[in-house]
Amino acid sequence: ISLVGEQNNMTGKPERRRQLSYLGRVDYNYADRYLAQFNFRSDGSSKFGPNHRRGYFPSFSLGWRISEEPFMKNVNWLSNLKVRASYGVVGQDEGAAFQYLAAFKSSGGGWWEFSDGKVTEGVSTPALVNEKLSWTKNKLMDLGLDLGFLDNRLSITFDVFRRNRTGLLAYRNASLPNTYGASFPQENLNSNRTQGIEISASWQDRIGDFFYSVSGNYTFARTMNRYIERGDYVSQWNEYRNGGDYRWSGLTWLYDVNGQFQSEEEILNYAVYSTTLGNKYILPGDWKAEDTNGDGVIDGDDVRPIGLSNGGTPLMNYGLTLSGQWKGLDFNILFQGAALFNTYHTLSYTIPFWESGNIPSYYMDSWHHADEFDPTSPWVPGEFPAIREGANSGYNNAVETTQNYLDCSYLRLKNIEIGYTLNQPFIRKAGLQSVRVFVSGHNLLTFCNKYVKAYDPETIAGSANTGWVYPLMRTFNVGVNVNF
């Protein structure tokens, strides 16, 4: 009899890193009218060389409560008026540590046999180093306005913000001869800018025993690359197609679909797709990419910056909250949404029977022959191209076009909760302070593109646009809160 024990193996590697920071703050407040705050910060990171290890990041904010000035005392309808401004610098120690050290590496040197039966591991020569590698800096600016009306029953906040990032890590666009045996190190080369606006407003009031509040928020923000390390542009088209400096990021270049092919004759007389198959397997009902430049060929020169980033952060976010209380009864309702972002409809959603899998039910409304057993019978139009499988599946229907790049804007009833609190005397006699019963629901309604709704517009990243995710689930809860 032999006993075999289970062996557990653990692997890992040690890492040492140090950071040392000095912080300071000074606040000033005069009569609740003039406000100021100054912050001083010095950070040090062991990632960088001795001469570039420390970064100095100051910030300040200023505020003026105009509503507290003597000349505003008789303005009864305006309960709060405040202007504010802030500026600050924040550092990030990005990149791998110790890139300033020129040292041999124990990996990459190969294996060598200098004597029979004995193998020695070699070392690799030092890589190029950058002794000046240092902090990435975020310069943050904000201008704000706070308003309050009718004893602050109505409150409005407005902000304009900007973040300039400098010193983003990149590799210099240059080449070294192969015989050199090394590549360029990372440098603080690139920069970008994010800016936008944010607005929030709320109203709260009481009508007899009924207290209620309504609040909403809205944010819009975009990012542009101010400098990206790259080679020279070889043509005006190359600069237009690939240029990124001082251009808003998040744009996607797409073929613009100009309807569907209506007949085989139209296919024969249309521009030719620049693939090895050409127009060989195109059928009536297939999506028709527009020949934008009119050269008779559908290729990369016909794409345009039409779509927004695939699976990227929405440029616009908003929300609305409703709440109220009346004699022990309370409710809270949250609406949440986003707009100005896209996803690429792909795989099982654009290629029928992809990898011999199933197809969405909406393909039932597709182009087909009047007699499915007679390929010469007339075509019957449908919303989607004809269904087929394999090499003739209609490759042109699956490329990135305005048809397959879907608007993911949505509005969702994110959460609703209704409760009732029992405060009757018999509750206290039982030794309880209060008892609250409630019912809540999550993800009850979603308003969006019907082809995005199947896989949830909030989870469009990764494989979510392939149909390989669970549908969004509604959840309901019933509960009791007891306080003793």
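Let's start with a side-chain pairing: asparagine 138 and arginine 165 are joined by a polar contact of 3.0 Å between their side chains. Keep in mind that this is a predicted model. Asparagine 138 belongs to strand β8, which covers residues 136–149. Is asparagine 138 buried or exposed? It counts as buried, with 5% relative accessibility. If we skip residues up to four places away in sequence, asparagine 138 touches Gly88, Val89, Val90 and Gln92, along with Arg163, Asn164 and Arg165. So arginine 165, the polar partner, also turns up in that list of touching residues.

Now to another polar side chain, glutamine 19. You'll find glutamine 19 in strand β1, residues 19–30. Glutamine 19 is exposed, with a relative accessible area of 53%. Its side chain makes a polar contact of 2.9 Å with the side chain of aspartate 93. Leaving out neighbours within four places in sequence, the residues in contact with glutamine 19 are Gly44, Ser45 and Asp93. For a sense of scale, take glutamine 19 and serine 175: in sequence they are 156 residues apart, and in space their C-alpha atoms are 35 Å apart.

On to the aromatics, and there is plenty to show you. How many aromatic pairs does the count come to? The count comes to 20. One of them is formed by tyrosine 240 and tryptophan 253, and this pair is edge-to-face, with 5.1 Å from centre to centre and 80 degrees between the planes. The pair links distant parts of the chain, 13 residues apart: tyrosine 240 is in helix α1 (residues 236–242), while tryptophan 253 is in strand β13 (residues 251–254). As for accessibility, tyrosine 240 is partly exposed at 36% relative accessible area, whereas tryptophan 253 is buried at 14%.

There is also an aromatic cluster, made up of Trp287, Tyr362, Tyr363, Phe384 and Tyr451. And here's a charge over a ring: the charged end of lysine 288 sits over the ring of phenylalanine 261, 5.9 Å from the ring centre.

Two members of that cluster come back when we turn to the nonpolar cores. Which residues of the largest nonpolar core touch the most other members? Those are Tyr362 and Phe384, in a core of 15 residues. Let's stay with phenylalanine 384 for a moment. Beyond its neighbours within four places in sequence, phenylalanine 384 is in contact with Gln260, Gly285, Trp287, Tyr362, Tyr363, Asp365, Ser366, Trp367 and Tyr451. Apart from the largest core lies another one, of 11 residues, including Tyr270, Tyr273, Ile282 and Val303. As general background, nonpolar side chains tend to be buried together in soluble globular proteins.

Last stop, the cysteines. How many disulfides does the structure hold? Zero. Cysteine 408 is in no disulfide, and the nearest cysteine sulfur, in cysteine 448, is 8.0 Å away. Why is there no bond for cysteine 448? Because its closest cysteine sulfur, that of cysteine 408, is 8.0 Å away, which is too far for a bond; the cut-off used here is 2.5 Å between the sulfur atoms. The surroundings of these two cysteines can be compared by accessibility as well. Cysteine 408 counts as buried, at 0% relative accessibility, and cysteine 448 is partly exposed, with a relative accessible area of 22%.

That's my tour, and I'm happy to go back to any of these spots on the structure.

Conventions: Residues numbered from 1 in each chain as written. Predicted model: local features only at pLDDT ≥ 70, side-chain atom pairs only at ≥ 80, totals over all residues. Heavy atoms only, no water. Buried < 20%, exposed > 50% of the residue type's maximum accessible area, 1.4 Å probe, protein only. Helix = DSSP H or I, 4+ residues; strand = E, 2+ residues; numbered from the N terminus. Polar contact = N/O pair within 3.5 Å; in protein donor to acceptor, adjacent residues only side chain to side chain. Contact = heavy atoms within 4.5 Å. Phe/Tyr/Trp six-rings, centres within 6.5 Å; stacked < 30°, edge-to-face > 60°. Lys NZ or Arg CZ within 6 Å of the ring centre and 35° of its normal. Core = buried A, V, L, I, M, F, W, Y, C linked by side-chain atoms within 4.5 Å.
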